[in-house]
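Here are a few notes to read with the model open beside you. Take them one at a time and find each spot as you go.

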Amino acid sequence: MARRMRHSRDPLGLRRALSGWLLPGLVAAMALLAALAIAGAEGASALAERWQRGAAAAVTVQLPDADAARAERAVAALRAMPEVAEARAMDAARLVELLRPWLGDGGGLPLPAVIEIRLRDTRADPVLIGDRLAETVPGVVVEAHGLWVQRLAALARSLQTLAWAVLALVAAVAAAVVAVATRAGLTARRDAVEVLHGLGARDAEIAGRFAQRLGLLAATGAVVGTAASVPALAVLADLAAPWTGASARGLAALPWMALAAVPPLAFLVGWATAQFTVRRWLRQLP
Amino acid sequence: MIRFEAVGLRYPGGEPHRGTLGPPALSDISFALPRGSFTWLLGPSGAGKSSVLRLMHLALRPSRGEVEVLGLRTSRAPRSALPAVRRRIGVVFQDFRLLPYMTVFDNVALPLRLAGRPEASLRADVTEILRWVGLEAKAQSAPPELSGGEQQRIAIARAVVHSPELVVADEPTGNLDTRQARRLLALLAEMNRTGTTVVVATHDEALVARHPAPALILENGRLRDPDHVRDPFAEEEDGLG
């Protein structure tokens, strides 16, 4: 009875013809690479975003020995400039807070007034802004660290693109591996496929059985590979935390949603590749 | 039911002539078999009997002419129309073509499962047909454990379990001794009595003598004296009536 139950749902004997750990093992290795690429893409994206945000407010104007009237004059003058999107005087309390690690509680030191500027176009030259502002409010100092931050952000974005390209390549190689396995299965079960075809099985029915089996094998491999990537990713996430400004550490910092998508995607790649390969093979039968 | 009109068939050429067509396997074959008929397909080896049968169960399409099976004109029918017609045909092969890794029960149940019959309802039909061929006790055996005669009876059971309208058998007694061959013939004759159209290719003269019926005789890919068999088109009219 058990034997009957085992085979009744598997008329092509695919559980035996397509077995072993070769295909799941290869898919596991590729899932590992995919998980690393996903984490890389997510990490690069976080870095790029953070640096981009920093770069947008990258220009600051300092007024040493400032009084409130001078600071207001400077803000008004900056807001009047066409290339300035936004100019905002930094709250004195916040400034004290920012400087606490270096200055303690301030101790009555005279702090400069600081104005943050957001530029409409980041290519505008901050030196020119400083020169024009100095005409109204002498003694201002303009700090522009935006340029290199922006270059770093661009680098992070390229890394992100590269990670997606790696992901696409991994998926393509996985599809090729599944196609080879499908052909091996077709060769092993050629007689059975021909018998079923002769009995009136539609291409969709035969291809569906192969697709289900190969999708399952690919998904199994992907679960193993993704699980194996987690410890490495947790360590990397820890190392990257200071750069990305992520508050979460270790396991909590991993892109779990994206990682959870790897096995279903592997199933889909296996399923679709097997469908395509088997249907094309069946075309040689009348 | 089955109508061949000026059918010609050429197989694709072998290695030295890949991409070209080989010599004609069948030439200018015309006949019609009415519903519910029993027909012998006779002729020496290589005369084209298997080719005619393969055209009948849609394992091939004609290179020329028209083959009509169960209302489907196969030469121009879309590929997707063939499976539905194949399910109404039972085929018995000389080499059985059972699936060795499945039990006898599952082999016989295959056509019903392909037709989407629920497990609960197909069990009774499979058991019934296994009893009919006398192999009910071997339902859980694997085909390789059975004798040639038993495997042939399983192949018959698989061919008829879904009550096909047409049964074609290619040298079905080739692997059987005389007693088993007689028993097989009795099974086919009984199928025919219940209304199934039966076509049997054989070179076993003794078998034909035991069950006299109209015969198509092939020689070198051509039909010998087709009018001698019957007036096909008149019979077809009767058969449909």
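The points below cover one helix in chain B and one surface patch in chain A.

1. First, some housekeeping. This is a predicted model, where local features need pLDDT of at least 70 and side-chain atom pairs count only at pLDDT 80 or more, while totals for chains, interfaces and linings use all residues. Residues are numbered from 1 along each chain as its sequence is written, chains are lettered from A and ligands numbered from 1 in the order in which they are written, and side-chain values use heavy atoms, leaving out hydrogens and water.

2. Find α4 of chain B, residues 119-132. Its 14 residues reach 20 Å from first C-alpha to last, close to the 20 Å expected at 1.5 Å a residue. Just after α4(B) comes B:Gly134, with a positive phi near 75°.

3. Which residues of α4(B) are buried? They're B:Leu122, B:Val126, B:Ile129 and B:Leu130 (buried is under 20% relative accessible area, exposed over 50%, partly exposed in between, with a 1.4 Å probe and protein chains only). Looking down the axis, these fall within an arc of 100°, so they line one face of the helix. Their cover includes α3 (104-114) and α5 (148-160) of chain B.

4. Now turn α4(B) around: the face away from its buried side carries the exposed B:Ala120 and B:Ala124.

5. Over in chain A, A:Leu32, A:Leu33, A:Leu36, A:Val235, A:Leu236 and A:Leu239 make a nonpolar surface patch of about 520 Å². Helices α3 (22-56) and α9 (203-244) of chain A each supply at least two of its residues. A:Leu36 sits in α3 of chain A and is partly exposed, at 36% relative accessible area.

How values were computed. Helices (H or I, at least four residues) and strands (E, at least two) are DSSP runs, numbered from the N terminus. The expected span of a helix is 1.5 Å times one less than its number of residues. The arc is that of the directions from the helix axis to the C-beta atoms. Contact means heavy atoms within 4.5 Å. Patches are made of residues with over 30% relative accessible area and no salt bridge: like charges are joined within 9 Å, nonpolar side chains (Val, Leu, Ile, Met, Phe, Trp, Tyr) within 5 Å. Accessible areas come from the Shrake-Rupley method with a 1.4 Å probe; for residues, only the protein chains shown count as cover. A salt bridge is a side-chain nitrogen of Lys or Arg within 4 Å of a carboxyl oxygen of Asp or Glu.
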